[in-house]
Amino acid sequence: MYEPTVNPGAVALTEPWMSEADTDVVWAFFENAPVALLAADDQRQIQRVNSRWSDLTGHDVDAAIGARIDDLLAPESRPGIELRWSDLLTAGLGTARVVLLRPDGARLAVRYGAFANVVPGLHVSAFFAEPGQDGRAPRLPRARRAGQLTRREQESLRLVAMGMTTTAAAEQLGISPETVRTHVRNAMNKLGARTRAQAIAVAMRDGEIPA
C-alpha cells in the first residue's frame with residue numbers, strides 16, 4: 001500500500017463554508033447530488049462518498065470510507081499530491097486531472113474540483129470522467145444495490161408500474177405530480193435506467209418494488 005508523507009499539522013486555512021449546525025443540509029445535498037462526490041478530512045482520509053462516486057469508480061461505498069485518497073490514485077498520479085493538497089487547504093479551491101485505480105486495477109482518468117472546509121475539517125471534491133473515458137463502472141452485485149431507493153421513490157415507481165398516471169399516483173400518495181416525477185427521475189438515476197420501463201424492470205429484479 002502506498003504510504004505518503006503525512007503532515008500532522010495540515011489544516012485548512014480558509015473559513016468553513018457551513019457551520020456544524022448546517023451539516024445535515026450539506027449531507028442531504030451530498031447524498032442526492034447528480035455528480036460523484038467525495039469528502040475527506042485534513043489527512044486525506046475519506047469520510048464520505050456518494051453513490052454517484054461509487055458508480056463512477058467501482059469502489060463500494062462502505063469499503064471506501066476510512067481509506068486515504070492516495071491509495072486510490074494510480075502510481076503516476078501520486079507524485080505531487082502533497083503540494084496539491086497543501087494548495088487546496090491554503091487557497092480553499094483546487095482542480096487537477098488525476099488517474100484513479102478501480103478495484104479491478106483498471107485506470108480511470110478524471111478531472112476533480114475540490115473545495116476546502118465545506119464544513120469544519122472536511123473537504124469535498126467533485127469528480128468527472130475525462131472525455132473518452134468510460135465513466136460507467138461495472139454494476140455492483142444485487143446484494144449491494146438492493147435498498148438504494150427511498151420509500152417515496154419505491155412507492156412512486158410502484159404505482160407507475162401498476163399503470164397509474166403521474167396525477168393518479170400523486171393523489172394516492174398525497175403529494176404533487178411534480179414530486180412524483182422527481183421521485184421517479186431519482187429512482188431512474190439510482191438504478192442506471194434510461195426510461196421508466198427500464199427502471200421498473202431493474203427495480204423489480206433487485207427487489208426494490210414487488211414483481
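Why are Trp27 and Phe30 separated by about one helical turn? The points below take up this question first and then turn to other parts of the structure.

1. The answer lies in sequence spacing: Trp27 and Phe30 are three residues apart in helix α1, which covers residues 23-32, and they are therefore about one helical turn from each other. The reader should bear in mind that the model is a predicted one. The two residues form an aromatic pair of the edge-to-face kind, with 5.3 Å from centre to centre and 80° between the planes. Trp27 and Phe30 are both buried.

2. Trp27 has a further partner. Arg48 is placed over the face of Trp27, at 4.2 Å from the ring centre. The ring of Trp27 thus takes part in an aromatic pair with Phe30 and also has Arg48 over its face.

3. The structure holds two aromatic pairs. Besides Trp27 and Phe30, Tyr112 and Phe127 form such a pair, which is tilted, with the centres 6.0 Å apart and an angle of 45° between the planes. Tyr112 belongs to strand β4 (residues 107-119) and Phe127 to strand β5 (residues 122-129), so this pair ties together parts that lie 15 residues apart in sequence. Tyr112 is buried, as is Phe127.

4. Two residues deserve attention for their backbone angles. Arg44 has a phi near 70°, which is a positive value in a residue other than glycine. Arg44 is located in the loop between β1 (36-40) and β2 (46-49). With a relative accessible area of 3%, Arg44 is buried; the cut-off for this class is under 20%.

5. The second of these residues is Asn117, whose phi is positive at about 55° although Asn117 is not a glycine. Whereas Arg44 is in a loop, Asn117 is in strand β4, the strand that also contains Tyr112. Asn117 counts as buried, at 7% relative accessibility.

6. Which helix packs with α9 at an angle of about 65°? The partner is helix α10 (residues 196-205), and its axis is 9 Å from that of helix α9 (residues 177-191). The crossing of these two helices is left-handed.

7. The contact between the two helices can be described residue by residue. From α9 come Arg181, Val184, Met188 and Leu191, and these meet Arg196, Ala199, Val202 and Ala203 of α10. By class, the contact of α9 with α10 consists of six nonpolar residues, two charged residues and no polar ones.

8. Helix α9 also contains His183. His183 has a relative accessible area of 16% and is buried. When its neighbours within four places in sequence are left aside, His183 is in contact with Arg152, Glu153, Ser156 and Ile175.

9. Some totals place these details in context. The protein has 10 helices and five strands. Of its 211 residues, 43% are buried; among them are Trp27 and Phe30, as well as Tyr112 and Phe127. Among contacts with a separation of 6 or more, 54% are between residues 24 or more positions apart.

Terms used
Residues numbered from 1 in each chain as written. Predicted model: local features only at pLDDT ≥ 70, side-chain atom pairs only at ≥ 80, totals over all residues. Heavy atoms only, no water. Phe/Tyr/Trp six-rings, centres within 6.5 Å; stacked < 30°, edge-to-face > 60°. Helix = DSSP H or I, 4+ residues; strand = E, 2+ residues; numbered from the N terminus. Buried < 20%, exposed > 50% of the residue type's maximum accessible area, 1.4 Å probe, protein only. Lys NZ or Arg CZ within 6 Å of the ring centre and 35° of its normal. Axes fitted to C-alpha atoms, helices over the stretch in contact; angles between N-to-C directions. Left-handed = near helix turned anticlockwise from the far one by under 90°. Contact = heavy atoms within 4.5 Å. Nonpolar A, V, L, I, M, F, W, Y, C, P; charged D, E, K, R; others polar.
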